[in-house]
Amino acid sequence: MARLPLREHPIKVNYLLRKIRYNWLVFLLILLLVSNLPLLLTPFHLLTEEMTRLWQGKMPWILSGMLLTGILYFPRFWCIYICPTGLLLAAMARWRYFRLTIGENCVDCSTCEKVCQIQAMKLAERRASEDCMLCGRCWQACPTKTAKWRDTHSITQQRSDTPLAALSRRQLFAIGAAVVVGGFGGQLLKPATTVATIRPPGALAENNFLQQCSRCGRCVKVCPAECLFPMSLDTGLHTFLTPRVVPRKARCELCLSCQEVCPTGAIARIPLERVKMGIGELIRAKCLVWSEQKLCLLCREQCPVHAIEVDEQNRPYVNETACVGCGACENGCPLPEAAIIVRPISK
Amino acid sequence: MNRRDFIKFTACASLGSILLGCGNQEIQTQTGQGTEAIKDGVPPALTDLIVVQGNDPVVMLSKGFDALGGINTFIKQGNTVVLKPNFSVPRLPEEACTTNPLLVSSLIKMCLQAGAKEVKVIDYPFTNPIICLEKTGMKKAVTDAGGKIYTLNNGMEKYFRSVKINGKMLGEVYFSKDVLEADVFINMPILKHHDITEVTMGLKNMMGLVWDRGVFHTYDLHQCIAELAAFKKPNLTILDALRGITNKGPMGPGPIKEYNQLVFGSDPVAVDAYGAFLFGKKPMKIDYLRMAAQKGVGQIDWEKLNVIRV
C-alpha cells in the first residue's frame with residue numbers, strides 16, 4: 001500500500017508530542033476536578049457518545065477525527081497521545097518488569113522498529129518503550145528471532161534512569177505549569193452566567209448534575225418522547241453534550257426511563273411525586289385567553305398533572321406546587337412563540 | 001425514449017393530471033357544502049339513533065348493528081374502512097380516557113367478516129404517539145384483530161391533504177387523506193369530560209383528523225369544530241359510552257362514571273346531543289353542538305329521531 005505523505009516523516013511530530021503528552025495527561029487530570037469532560041476522550045465514553053450521535057443522525061466528529069489521524073498519520077495515534085486511559089496505562093507501564101526486548105543475536109537490521117506501528121520499539125535501548133501494546137509484530141518479524149518477551153534485567157545495555165529520574169527539572173516545571181493552567185482553564189470553562197436549562201426528570205441540582213453526568217447519551221437514546229437533546233457548544237464547554245429537555249420540540253412524558261439508564265446517578269432514581277424539572281411561567285400579555293379572550297386553554301388540556309387551573313373567568317394560571325415542569329404546556333401552546341414557558345428552578 | 005415518445009408522454013401525463021385535478025375539485029366543493037360525495041356501496045344516512053345498553057362491548061356491538069339492519073348495510077365487499085377511535089392520551093384502558101380497545105377490535109373483526117378489504121385505525125394523539133399506542137392497549141387490540149393502526153403525527157405530507165372548508169373561521173385545513181379516500185369512515189369517540197369544551201364526543205374527536213388543529217384554539221374553537229363537522233360527516237358514529245371520566249379530562253385520570261351504553265347513529269350531531277344528555281349537559285349549552293345544528297349538520301334535538309333502545 002502506498003504510504004501517505006504524513007506517514008513518511010512522523011518522527012518530528014512524534015518527538016514533540018511525546019515530550020508534551022504527560023503534561024497533557026496531568027492537564028486532563030486537573031480538568032477532571034472541575035468538569036468530567038476529559039472522560040469523553042476515553043474509549044468507553046467516546047464510543048457510547050459517538051454511537052449516540054450516529055443514532056441521532058449527527059456527525060460523530062471525534063470518532064471521525066480519530067480515524068482520519070489514524071489513516072493519515074499512524075494507527076493508535078489517539079491511544080498514545082490523546083486518550084487519558086492510554087496515557088495512564090503508558091505511564092504505569094514505565095514500571096513494567098517484562099517487556100519485548102532485543103537479545104544478543106541482534107544484527108541491527110532495525111526490522112523490529114520498522115514493523116512497529118506505534119514506534120514503540122527502541123533498537124538503541126534494546127527494548128520496547130512504555131507505549132508498547134504487545135502486538136508481537138517485532139517478535140514475529142525478527143529475522144534472528146531475538147526480539148522476545150523477557151524481563152528487562154536481562155538487557156545488557158541497561159538504562160540508568162528510573163521513571164521518576166527520567167523527569168528533568170524542566171519537565172517538572174512543565175507539569176507544575178500544566179496544573180496551574182488546568183486549574184484556571186477549568187474555571188474559565190464555566191460561563192459567567194448559568195444558562196436556564198431544563199434537565200431530565202430526577203436530575204441532581206445543576207452543579208452536581210454537571211459533575212456527575214458523563215455525557216454518555218444513554219438518556220437521550222432511551223427517551224421514547226424524544227424530548228432530550230444533547231447541548232451544543234454554544235452554551236459552554238462544561239455543559240457540552242449534557243442532556244436537556246426542549247419542550248418546544250417535545251414534552252417529557254414522565255416515563256422516567258432516563259433514570260433507569262443513567263449509569264452515574266446524575267439523573268437520580270426518584271419517584272414521580274418528587275420530580276420537579278421546572279415551573280411553568282405563564283406570560284399573560286401573550287396568552288390568547290388573557291390578552292384576546294379566546295377559548296384556548298390548550299395548556300390545561302395538555303397538562304398531565306393538572307397544574308393549570310382557571311380563575312372564575314376561565315383564565316389559566318399555574319399551580320406551582322403541582323407543576324412538575326414536563327413542558328407539556330409549552331409544547332402545546334398554539335402561538336408561534338409560546339406564552340407559557342418552563343423555567344428551571346434555581347437549586 | 002426518443003423525442004416523439006417524450007412529447008407523447010408529456011401530453012398524456014399533463015392531460016392525466018388535469019383530469020385528476022378536476023376530480024379533486026369536484027369532491028372538495030361538494031363536501032365543502034356539507035353534502036357527502038356518495039360512492040357506490042356507501043349507505044344512505046339513517047334517521048335512527050340506536051342506544052344499546054349492556055356490559056359486554058362485543059355483544060352490544062353486534063346488537064347495535066342488528067338494529068341498524070346488519071353490518072352489511074354499511075360495509076360492502078372490498079371496502080376500505082377507516083376507524084377513528086380516541087387514543088389521544090397515554091392512559092390505560094381501565095382509566096376510561098380512551099375508546100375501549102375491545103370495542104375497536106371486535107368492530108374490526110366484524111368489518112373483515114363483512115368483506116372489508118382493509119381496516120385502518122387512526123388517531124393523531126396530542127401526546128407522545130408511541131406511548132399512546134402502547135398504553136391504551138389499542139395497538140395490540142387492533143393488530144391482533146387484523147387491522148392496521150397508525151398515528152398521524154409527523155406525517156403531514158404522508159397523511160394529510162389540503163382541503164377547502166369554506167367556513168367563517170376555517171378556510172383551508174390539512175385533513176386526513178385516509179378518511180377522504182375511505183369507502184366507509186366510522187367515528188368511534190369516547191364520552192368523557194373535557195376541560196375546554198366541557199365534554200368531548202364525536203365532533204370533537206374529528207379534530208384528530210386535522211394537521212393544523214392548533215389554530216382552532218387561536219380562532220374560535222367551537223365555531224371551528226362545527227365547521228369541521230359540516231365539512232365531513234362520518235358514515236357512522238359509534239359513541240363509546242361504556243365508562244368515561246367526568247372530570248380532569250381529556251388527560252385524566254379522573255373520576256369514572258359507568259353509563260354502560262353504546263350509541264349508534266349516522267347523524268353526528270344527534271349522537272353527540274344524546275351523549276351530552278347522558279353526561280348531564282343540555283346539548284344546546286354545548287356551543288359547538290348548537291353551532292353545528294344551526295349549520296344544518298344534524299338534529300340537536302335527539303328525541304326527534306327514531307330512538308331505538310336495545
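Select B:V104 in this predicted model. Leaving aside residues up to four places away in sequence, B:V104 touches B:L83, B:P85, B:T99, B:V121, B:M138, B:A141, B:V142 and B:M188. Now widen the selection to the core around it. The largest nonpolar core has 135 residues, and B:V104 is one of four that touch the most other members, together with B:V81, B:L289 and B:A292. The element that gives the most to this core is helix α10 of chain B, residues 221–231, with eight residues. Apart from this core lies another one, of 17 residues, which includes A:L28, A:F77, A:I80 and A:L87.

Next, show residues 57–67 and 101–113 of chain B, which are helices α2 and α3. Their axes come within 9 Å and cross at roughly 50 degrees, so α2(B) and α3(B) are oblique to each other. The crossing of α2(B) past α3(B) is right-handed. Which residues of α2(B) and α3(B) meet? On the α2(B) side they are B:P57, B:V58, B:L61 and B:F65; on the α3(B) side they are B:L102, B:L103, B:S106, B:L107 and B:M110. By type, this contact of α2(B) with α3(B) holds eight nonpolar residues, one polar and no charged.

Move on to helix α12 of chain B, residues 287–294. Buried in this helix are B:Y288, B:L289, B:M291, B:A292 and B:A293. To see what they pack against, add α8 (202–205), α10 and α11 (268–279) of chain B to the view. Two of the buried residues, B:L289 and B:A292, were met above among those that touch the most other members of the largest core. After α12(B) comes B:G296, with a positive phi near 85 degrees.

Now bring both chains into view. Contacts between them involve 17 residues of chain A and 18 residues of chain B. On the chain A side, the largest share is four residues from helix α14 of chain A, residues 298–302. The chain A residues that touch chain B comprise 11 nonpolar, two polar and four charged.

Finish at A:E125, in the loop between β2 (121–122) and β3 (127–128) of chain A. Is A:E125 buried or partly exposed? A:E125 counts as partly exposed because it has 14 C-beta neighbours inside 10 Å, while a buried residue would need 20 or more. Add A:I102 to the selection: A:E125 and A:I102 are 23 residues apart in sequence, and their C-alpha atoms are 8.8 Å apart in space.

Technical notes
Residues numbered from 1 in each chain as written. Chains lettered and ligands numbered in written order. Predicted model: local features only at pLDDT ≥ 70, side-chain atom pairs only at ≥ 80, totals over all residues. Contact = placed C-beta atoms within 7 Å. Helix = DSSP H or I, 4+ residues; strand = E, 2+ residues; numbered from the N terminus. Nonpolar A, V, L, I, M, F, W, Y, C, P; charged D, E, K, R; others polar. Core = buried A, V, L, I, M, F, W, Y, C linked by C-beta atoms within 7 Å. Buried ≥ 20, exposed ≤ 12 C-beta atoms within 10 Å, placed from the backbone. Axes fitted to C-alpha atoms, helices over the stretch in contact; angles between N-to-C directions. Parallel < 35°, antiparallel > 145°, perpendicular 65-115°, else oblique. Left-handed = near helix turned anticlockwise from the far one by under 90°.
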